[in-house]
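Reader: Could you take me through one part of this model up close? I'd like the helix packing and a few individual residues, with the cut-offs spelled out as you go.

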Amino acid sequence: MEKKRKGLFQKFLDIVETTGNKLPHPVTLFAILAVVVIILSGIISSFGISVEHPGEEGTIVEVTNLMSTEGLQYVFSSMVDNFIGFAPLGVVLATMLGIGLAERTGLISACLRGFVLSIPRVLITAGLVFAGIMSSVASDAGYVVLPPLGAVIFAAIGRHPLAGLAAAFAGVSAGFSANLFLSATDPMLGELTISAAAIIDPAYAEGMNIAMNYYFIIVSVFLLTIVGAWVTERLVEPRLGDYKGDYREKLTGLDATEKKGLIWAGIAFLIGAILFALTIVPANGPLRAEDGGIVQSPFMSSLVPIIMIMFFIPGLVYGLVTRNIKNDKDVANQLSDTMASMGMFIVLAFTAGQFVAYFAETNMGLVLGVYGAEALEAANLTGIPLILGFILVAGFINLFIGSASAKWAMMAPVFVPIMMQLGYSPELTQMAYRVADSTTNIISPLMTYYALIIAFAQKYDKKLGIGTLISVMFPYTVLFTIAWTVMLILWMYLGIDLGPGSPITY
């Protein structure tokens with residue numbers, strides 16, 4: 001049989017994968033990048049490059065020289081704090097205590113087998129992408145829970161586990177700004193947008209609300225679910241081919257003991273859900289915010305321990321019913337085994353934490369962002385070309401500055417007034433930013449959870465490098481960006497409000 005010829009896009013992905021995989025092991029690579037940042041900071045600072053902070057008038061920002069005496073003192077004195085303070089570290093390890101127990105007692109395997117056997121397989125890919133998109137309600141917890149579950153689900157039905165991981169990762173990260181509900185992202189970005197709009201028109205800003213993109217992000221959920229499922233099945237899985245690794249998940253029916261365990265675990269989960277609901281459902285619930293809100297409240301800040309408990313208790317109950325747990329020593333041993341399996345991620349967290357911290361300390365990302373904004377402003381674009389240019393610039397900056405709020409705090413005071421003076425609303429500018437900010441997350445090694453995703457992926461392919469992961473995720477970035485941008489442009493032409501009282505034009 002004649003071998004099918006690869007298209008240009010697949011050949012390009014081959015180049016990305018081959019080039020990327022020639023890089024050192026991710027642990028080594030992050031260590032090298034940390035050293036490169038230190039050296040570059042010394043070189044760039046020697047030229048005296050500085051910019052005015054766009055969000056703080058009169059504040060001059062220079063590149064911090066980490067090769068200076070003060071810089072080297074920071075490098076060494078902050079090393080432990082950079083490791084401990086690496087954003088995903090505590091989230092991942094705490095969550096994995098609950099997930100690990102549920103996995104090792106067999107609860108997750110039983111749930112997945114029951115799930116896979118009960119729904120049409122044609123819906124599994126779309127369901128996984130949809131779950132990933134919706135996980136942004138739980139902030140960053142989706143990164144920890146869904147990619148490994150997606151891999152296990154795909155392995156259970158004979159599909160490549162990395163395709164399942166990729167579909168979930170695309171939903172969680174590239175689709176982060178879409179949801180059927182408001183999440184913590186909406187007030188976080190919305191307040192910055194309102195402040196930036198007040199620079200031009202305080203009265204207009206006073207009438208804005210944090211749900212300014214709500215209609216658009218609801219429709220986006222369904223668009224991205226369809227696109228994500230199509231990319232997984234038509235581009236990613238064919239590229240990965242048949243899985244030849246050692247990991248196998250047998251898909252077998254549930255026996256009587258497992259079914260009994262699931263029933264009791266389900267009861268435990270329901271009781272836990274009711275108890276946690278009592279902390280926010282009453283108007284005076286202890287985990288509500290002082291103003292009675294939920295979106296920005298102690299409850300939302302407590303999602304990691306809540307998720308840990310909501311996995312731990314049902315996992316414990318399931319283990320007791322199925323006799324996989326007989327005493328407290330079994331629990332301690334299973335938790336210990338879980339932490340032992342996270343060894344590679346912990347090592348990655350150390351070197352990645354240094355790189356991310358040093359890059360932030362140098363201000364190089366901020367300087368790059370300001371120059372990018374000035375270049376776009378100098379291009380004198382209007383209309384659709386302006387929106388496209390803004391999305392491209394914001395997406396590029398996202399490769400270097402992972403925090404959505406940090407980038408928007410820098411960009412909103414520049415772009416919101418510019419767009420308002422050209423007749424476009426602050427609400428539209430924010431939505432264009434959210435499109436760009438989400439879609440390029442999955443191809444940026446600077447994204448704080450990238451090291452975790454690599455660690456998950458290496459369970460199925462021990463030789464997997466950054467090049468392979470980027471080549472697998474790149475089609476999602478391209479198709480999500482195109483589809484989402486086209487949708488935004490059509491929305492503009494139709495003149496539909498982006499959210500309650502949030503028009504396209506100013």
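Reader: Let me start with one residue: is Asn-363 buried, partly exposed or exposed, and what is its relative accessible area?

Author: Before the answer, a word on what we're looking at: this is a predicted model, in which local features need pLDDT of at least 70 and side-chain atom pairs count only at pLDDT 80 or more, while totals for chains, interfaces and linings use all residues. Residues are numbered from 1 along each chain as its sequence is written, and side-chain values use heavy atoms, with hydrogens and water left out.

Now, Asn-363 is partly exposed, because its relative accessible area is 23%. Here buried means under 20% relative accessible area, exposed means over 50%, and partly exposed is in between, with a 1.4 Å probe and protein chains only. Asn-363 sits in the loop between H17 and helix H18 (364-378). Helices, by the way, are DSSP runs (H or I, at least four residues), numbered from the N terminus. The backbone of Asn-363 is worth a look too: its phi is positive, about 70°, although it is not a glycine. Most residues other than glycine have a negative phi. Arg-323 also isn't a glycine and has a positive phi of about 70°. You'll find Arg-323 in the loop between helix H15 (303-322) and helix H16 (328-341).

Back to H17, which covers residues 343-362 and packs with helix H2 (residues 26-45) at an angle of about 15°, their axes 8 Å apart. Axes here are lines fitted to C-alpha atoms, for helices over the stretch in contact, and angles run from 0 to 180 degrees between N-to-C directions. H2 and H17 are therefore roughly parallel to each other; angles under 35 degrees count as roughly parallel, over 145 as roughly antiparallel, 65 to 115 as roughly perpendicular and the rest as oblique. Their crossing is left-handed, a label for a near helix turned anticlockwise from the far one by less than a right angle, with clockwise giving right-handed. On the H2 side the contact includes Phe-30, Leu-33 and Val-37, and on the H17 side it includes Leu-348, Phe-355 and Phe-359. Contact means heavy atoms within 4.5 Å. By type, the residues of the contact of H2 with H17 come to 15 nonpolar, four polar and no charged. In that split, Ala, Val, Leu, Ile, Met, Phe, Trp, Tyr, Cys and Pro count as nonpolar, Asp, Glu, Lys and Arg as charged, and the others, Gly among them, as polar.

Next up is H19. It runs over residues 383-398, 16 residues in total, and reaches 23 Å from its first C-alpha to its last, close to the 22 Å expected at 1.5 Å a residue (that expectation is 1.5 Å times one less than the number of residues). H19 is mostly covered, with twelve of its 16 residues buried; among them are Ile-384, Ile-387, Phe-390 and Ile-391.

H19 has a partner in helix H23 (residues 466-494): their axes come within 11 Å and cross at roughly 150°. That makes H19 roughly antiparallel to H23. The crossing of H19 and H23 is right-handed. Ile-384, Ile-387, Leu-388 and Ile-391 of H19 meet Thr-485, Leu-488, Ile-489, Met-492 and Tyr-493 of H23. The contact of H19 with H23 has eight nonpolar residues, one polar and no charged.

Phe-390 of H19, one of the buried residues, is also touched by Thr-429. Thr-429 belongs to helix H21 (residues 426-439) and counts as buried because its relative accessibility is 0%. Leaving out residues up to four places away in sequence, its other contacts are Trp-408, Phe-415, Val-416 and Met-419.

Staying with H23, Trp-491 lies in that helix and is buried, with a relative accessible area of 9%. Beyond its neighbours within four places in sequence, Trp-491 is in contact with Tyr-215, Phe-216, Val-219, Ile-496, Asp-497, Leu-498 and Ile-504. Trp-491 and Ile-504 are 13 residues apart along the chain, and their C-alpha atoms are separated by 8.4 Å. Phe-474 is in H23 as well, and it touches Phe-9, Phe-12, Leu-13 and Ile-443, again not counting residues up to four places away in sequence.

Finally, Ile-218 is in helix H12 (residues 214-240). Ile-218 counts as partly exposed because its relative accessibility is 24%. Its contacts, neighbours within four places aside, are Asn-179 and Leu-180. Ile-218 and Leu-494 are 276 residues apart in sequence, yet 17 Å apart in space, C-alpha to C-alpha.

Conventions. Helix = DSSP H or I, 4+ residues; strand = E, 2+ residues; numbered from the N terminus.
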